[in-house]
Structure formats: structure tokens, C-alpha cells
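Here is a quick tour of one model, written for someone who likes cut-offs spelled out. Have a look at the structure first, then read on.

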Amino acid sequence: MGSPRLVATDLDGTALRSDGTVSPRTAAAFALVESAGATLVFVTGRPPRWMRPIAAAVRHRGLAICANGALVYDLHTEQIVKSHLIDPDVLEEVVSRLREKIPGLAFSVEYEGGFARESGFLLDSLDRVAGLSGARTNALTALPCAKLLALHPGMDPDALQDNVCELVGHLVTPTHSSGRAMIEMSAHGVTKASALAALAEGRAVTPAEVVAFGDMPNDLPMLRWAGTSYAVANAHGEVLAAVDHVTAANDDDGVAEILETLYGGYR
């Protein structure tokens with residue numbers, strides 16, 4: 001069998017180093033993928049506004065599936081090309097149920113072109129560095145959104161996800177990826193795998209022709225769908241248990257190591 005026709009990789013904690021950068025070795029490995037005629041897809045929980053430095057580092061190669069499958073983003077043009085949003089009535093019901101059953105939650109929403117947050121929702125470091133504050137609003141549920149986020153000040157992330165799944169898993173698709181007690185919710189049925197499967201089908205690529213890389217629970221649907229799956233050595237225990245193979249940690253260019261082998265070596 002030849003090299004995979006499609007490479008799907010998570011970014012933070014997987015292909016990116018812990019400081020959020022793309023190493024020169026990894027950038028070169030990504031270039032090998034496209035030079036070989038394969039499709040390169042970054043599959044991330046990040047919103048599009050966090051993709052600009054990634055697009056620049058990889059010279060605008062590839063596509064990105066953002067917000068855990070809700071948005072497809074063209075890195076060549078830096079434009080959203082497909083959306084799967086949560087309807088406002090669903091948002092309202094989800095937020096109401098979670099507020100009632102899990103005290104202490106603060107909420108934020110990711111729109112196609114921005115975000116809004118409650119005052120108790122702490123900004124991520126990438127938004128603080130960029131000087132963004134988000135529109136603070138009491139009407140978070142008024143517009144369709146790509147992702148609803150719920151942050152708790154003290155719960156274990158896995159335990160919080162279990163609770164959220166039990167309460168609203170029939171309305172949205174909850175997961176987590178940040179290492180803190182923050183649950184990310186997409187429209188029901190929308191995952192990294194659902195978006196990647198649609199993209200692959202449009203290119204007549206089968207799961208057997210796909211290799212995928214990840215590190216956190218939000219990567220599990222994608223890793224289970226792909227014909228070949230890799231976790232980086234620093235991955236969440238549940239991810240390490242689910243994959244076909246384990247490569248070196250993100251800070252040791254584990255994704256690049258495999259891509260070099262698959263697509264002709266680092267040069």
C-alpha cells in the first residue's frame with residue numbers, strides 16, 4: 001500500500017510544540033505531504049481567529065477543520081467555507097439545563113466571526129496576548145454559534161464532561177481538550193470525525209487512506225474513524241489506549257517523525 005492520501009492532524013498538544021509554534025521540522029514535513037499530492041487537513045478545536053499564525057507558518061498550505069468540526073476553513077484564502085452551527089433555541093435549553101444542575105459554570109460562545117463571553121469566563125492565553133476581550137453579553141444564546149463552552153473553576157475535566165454528556169448529550173456533542181475544566185459543545189452529531197469524513201468523501205478518499213494524529217478526547221472520534229491512528233506520547237490516557245500507534249511527544253516533533261517516514265524523509 002502507498003502513502004496515505006490524506007493526513008489529518010490536531011494542532012495544540014499534537015503537531016504544535018507546547019509554546020504553540022510550528023517547528024521548522026514539522027513545517028517541512030507538512031510540505032512533504034502536499035508535495036506528494038496528498039491532502040493535508042488540520043483538525044482542531046481552535047476557532048478560525050487563532051489560525052492566522054498557523055497559516056503563515058505552513059505557508060497557507062492545507063485546509064483546517066475548526067471548532068471541533070463545526071467550521072471548515074481554507075488556509076489559502078483564510079475564509080470559512082462550511083459551517084455547522086448550534087441553533088439559538090438549542091443553546092438556550094443547554095445553558096438553562098447546565099446552570100440548573102452544575103453551579104459555578106461560566107459560558108462563552110464561538111461565532112463564525114467572533115466570540116462572546118460572560119464575565120466569569122476566563123480568556124484563553126491566545127486571546128489575552130492578542131488583546132481581545134470578547135463582547136460581554138447576557139444574550140449568549142441569541143445567535144447561532146459554532147461552539148458553546150462551559151468553564152468550571154474546580155471540577156475534574158473528565159468528571160465534568162461525564163456530567164455534561166448525561167445532562168445535554170442528546171442536544172449537543174460535548175468534549176474537552178484544554179486540560180482545564182472546560183467543556184466544548186458542538187451541534188449534535190458534529191465532531192472532528194464527521195467533518196473529516198465529509199471532506200474525505202468529497203475527495204473520494206476512504207478511511208483506509210487516512211492517517212490521523214491527536215492527543216486529547218476531542219480527537220477520539222477522528223482517530224477511531226481514520227484507517228491509521230497515532231497519539232503523541234504526551235496524549236491523554238484515553239487517547240493512548242484507543243490508537244493504533246504512539247509516536248514521540250509534540251515537543252519532540254512526533255508528527256513530523258511519522259510524516260517523514262511516510263512521505264520521503266526530512267529535507
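## Loops, helices and cysteines

Leaving out residues up to four places away in sequence, A38 touches P4, R5, L6, V33 and Y263, where contact means heavy atoms within 4.5 Å. A38 sits in the loop between α2 and β2 (39-43); helices (H or I, at least four residues) and strands (E, at least two) are DSSP runs, numbered from the N terminus. With a relative accessible area of 10%, A38 is buried. For that label, buried means under 20% relative accessible area, exposed over 50%, and partly exposed in between (1.4 Å probe, protein chains only). From A38 to R99, 61 residues along the chain, the C-alpha atoms are separated by 45 Å.

Some housekeeping before going further. This is a predicted model, so local features need pLDDT of at least 70 and side-chain atom pairs count only at pLDDT 80 or more, while totals for chains, interfaces and linings use all residues. Residues are numbered from 1 along each chain as its sequence is written, and side-chain values use heavy atoms, with hydrogens and water left out.

**Two helix pairs**

V33 and Y263 turn up again where α2 packs on α10. Helix α2 (residues 24-35) and helix α10 (residues 254-263) pack at about 35 degrees, their axes 9 Å apart. Here axes are lines fitted to C-alpha atoms, for helices over the stretch in contact, and angles run from 0 to 180 degrees between N-to-C directions. The crossing of α2 with α10 is left-handed, meaning that the near helix is turned anticlockwise from the far one by less than a right angle (clockwise would be right-handed). On the α2 side the contact uses R25, T26, A29, F30, L32 and V33, and these meet V255, A256, E257, L259, E260 and Y263 in α10. Sorted by class, that contact of α2 with α10 has eight nonpolar, one polar and three charged residues. The classes are simple: Ala, Val, Leu, Ile, Met, Phe, Trp, Tyr, Cys and Pro count as nonpolar, Asp, Glu, Lys and Arg as charged, and the others, Gly among them, as polar.

D253 belongs to this neighbourhood too, in the loop between β14 (245-247) and α10. Setting aside neighbours within four places in sequence, D253 is in contact with R17, S23, R25 and T26. Is D253 buried or exposed? D253 counts as buried, at 6% relative accessibility.

Now for the other pair. Helix α4 (residues 88-101) and helix α6 (residues 157-168) pack at about 125 degrees, with axes 10 Å apart. α4 and α6 are therefore oblique to each other; under 35 degrees would count as roughly parallel, over 145 as roughly antiparallel and 65 to 115 as roughly perpendicular, with the rest oblique. Their crossing, α4 with α6, is right-handed. V94, R97, L98 and K101 in α4 meet V164, L167 and V168 in α6. The residues of this α4 and α6 contact divide into five nonpolar, no polar and two charged.

**More loop residues**

| Residue | Loop | Relative accessible area |
|---|---|---|
| A67 | between β3 (63-66) and β4 (71-74) | 1%, buried |
| A204 | between α7 (192-202) and β12 (210-214) | 57%, exposed |
| A226 | between α8 (220-225) and β13 (228-232) | 7%, buried |

Beyond residues up to four places away in sequence, A67 touches T44, G45, R46, A146, K147 and S186. A67 and W50 are 17 residues apart in sequence and 11 Å apart in space, C-alpha to C-alpha. A226 and V7 are 219 residues apart in sequence, with 9.5 Å between them in space, C-alpha to C-alpha. Again not counting residues up to four places away, A226 touches P207, V210 and A212.

Backbone angles give something to check as well. Phi of A204 is near 55 degrees, a positive value in a residue other than glycine. E78 also has phi near 55 degrees, positive in a residue other than glycine, and lies in the loop between β4 and β5 (79-83).

**Cysteines**

How many disulfides does the structure hold? Zero, a disulfide being a pair of cysteine sulfur atoms within 2.5 Å. For C145, the closest cysteine sulfur is in C66, 15 Å away and too far for a bond. C145 is buried, at a relative accessible area of 0%. C165 is in no disulfide either, the nearest cysteine sulfur being that of C145, 17 Å away. C165 counts as partly exposed, at 32% relative accessibility.
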